[in-house]
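Colleague: Could you take me through one part of this model in detail, the sheet and whatever packs around it? I'd like the pairing, the helices on top and the nonpolar packing.

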Amino acid sequence: MKYSSFQLIKRIFRNARQFWPRLLVLFLLSLLATPIALLKPYALKLMIDSGFGSKPVPDFIRVFFPDSFDFTFSAIILIAAALVIIIALIENLYGFVSWLMETFVGEKMVLYFRAMLFDHIQRLSLAYHDRKGSADSLYRIQWDTMCIRSLLVEQLSPLLSSFITLLSMIVVMFMINPGFAIISLCIIPPLFVLTRLSATRLRKDWYKVKEAESAAMTVLHEVLNSLRVVKSFGREESEGERFFKSSDHAVKGQIKMARIGAFFSFLIGMLIAAGTALFFYIGALHVQSGKMTLGELTLVLAYLAMVFGPLQSISKNLNEVQSSLVSIDRVFAVLDEEKEVEEHPQAERLPPVKGHFEFKNVGFSYQQDKPTLQDISFMIQAGDRVGIMGTTGAGKSTLISLLNRFYDPSAGMISIDGVDIKNYKLADYRDQFSIVLQEPVLFSTSIGENISYGRPGATDKEIIEAAKAANAHDFIMKTANGYDTPVGERGMQLSGGERQRISLARAFIKNAPVLILDEPTGSLDIKTEAQIMEAMERLMKGRTTFMITHRLDTLEACNIILHLEQGRLMEIVRDHDADFLKEKKITLLKGT
């Protein structure tokens, strides 16, 4: 859904409610720009009218001097010079304080909205992330949120200040010369029309630019995460070209935006120049006829610049404002994404479970016309070891995703210990599971922190015990800093077997009643596999275990086999024998 500019601004102010007092301070600071701007031309007027001319010194200056003070030419010039310095001092102090406040408030707001967006994105379904990709989410978190600062702090506040300055200048000009004020007002309607036209055009095209920039980041993210594959196939040059083409598309979009913005800015600038020229002509005639002094004309022309200045500032900032509004719209588009797995408002807390599961006529599909799982029914007792087998695409991983409640079934029901899993809080339910994947997921922290990820706050003793249970302690102690050794990005400083043992240690330390093993030995050598299997045997003891595997020797540890094909449960075999394994091995070989 795309919001109007007013709706976006209204919504962002509602979400930024906690920043209202600070934004108000910023706005009040911006209002000081108007009186400071009003003071600036007075030094020049004083010098022309009272120094070179015969007009008396204004009363607001006389009050600072004794009644007997002689306002000679030299004195008036010195006073005018002093006014320039005083006004500049006030102006620069104002700028210093404003800059500090803008930075503080702006950065705090960006952090707040980034955290909000990041928190929401984490809770969106895996289907959303599969559809959008992680690079798009990264772009929106890192770059689109920055436009919230740009709009509220750097654009909207100065725009409001410009409008107030504009109104103030027009009022002052009416007091000096109503005719000039009317001429300046006549320029505003055509400016409004031009601004409206450019805003509509810019808003529409900025969406395309943001999508192009996000696509360029997708290429970058893919390549950097797949450098081993890129290098092994010698595709560095072609990937560089792909990135350049994708980025060039975004650059061309930026240039197009600049061209459109420059064109409208040119039209507005020429309109303002025409108005200024008319002022010059009429003003010169007024001075010649004695209707106004040269100092008054200078003051009027200075104020005229202050009238047209905000108008030109508003028009020039329009491009940036539309860019910011598009980015903010993209942020809210993500926040409006509904979680496909919703927690029931009356969801109950879930204590540690026994591990009894039942699937009743469960069905699921990623796309409505393509069912992934159909009519799946089975019952698992607490402590069972369940092997899930089938050819690629049979639905094994989807079954596990439903078990973890990463998705909700489109048909049927899943129960744990006799109760529908939807009745429990998501965090409590998922806390009942430990998971070990074929490709272990490690974070770029230390070995110890990766192990304790399964249970934050675990003691050093508990971390070491978990590592020993996973057959990981010996190799950890041989690393440079033991449990404090960094594992590198995605754990790439360690071998595959070492990463897998840390993943097992993480499962040990969590000590959840239900265990999921997804091809845990699929990419390991025989020696490492033996160590992993020994650790897994300890890990499975006393836990309900679900194991996905293509390796028949691994299935020997299971007492129940679920055979899936094309989204259907073909058979359930309990306490299987050697003949069954041999038969299934032939089936799997044919399937692959």
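Modeller: Sure, here is the sheet, followed by its helices and the cores.

A word on the basis: this is a predicted model, where local features need pLDDT of at least 70, side-chain atom pairs count only at pLDDT 80 or more, and totals for chains, interfaces and linings use all residues. Residues are numbered from 1 along each chain as its sequence is written, and side-chain values use heavy atoms, with hydrogens and water left out.

The sheet is open and mixed, with 6 strands in the order β6-β7-β8-β3-β9-β10. Strands here are DSSP E runs of at least two residues, helices are H or I runs of at least four, and both are numbered from the N terminus. Two strands count as paired if DSSP finds at least two bridges between them. At the edges sit β6 (433-437) and β10 (568-574), each with a single partner strand, so one side of each has no neighbour in the sheet. On average, neighbouring strands are turned by 15° against each other, direction ignored.

Now zoom in on β3 (residues 385-389) and β8 (residues 544-548): they run parallel and are joined by 4 bridges. R385 stands opposite T545 in β8.

Next, the helices. α20 packs on the sheet, touching β6 and β7, and its direction makes about 175° with that of β6. Contact means heavy atoms within 4.5 Å; axes are lines fitted to C-alpha atoms, for helices over the stretch in contact, and angles run from 0 to 180 degrees between N-to-C directions. Helix α15 (residues 396-403) lies across β3, β6, β7, β8 and β9 (560-565), running at about 150° to β8.

As for the nonpolar packing, the largest core has 35 residues, and I451, I476 and L504 have the most contacts inside it. A nonpolar core is a set of buried Ala, Val, Leu, Ile, Met, Phe, Trp, Tyr and Cys residues joined through side-chain atoms within 4.5 Å, and buried means under 20% relative accessible area (1.4 Å probe, protein chains only). At least two residues of this core come from each of α17 (447-452), α18 (460-469), α19 (473-477), α20 (496-510), β7 (514-518) and α21 (526-540). α20 gives the largest share, 6 residues. Leaving out residues up to four places away in sequence, I451 touches I463, A466, A467, I476, Y483, I502, A505, R506 and I509. Apart from this core lies another, of 32 residues, including L350, I376, L399 and Y407.

Definitions and conventions:
Buried means under 20% relative accessible area, exposed over 50%, partly exposed in between (1.4 Å probe, protein chains only).
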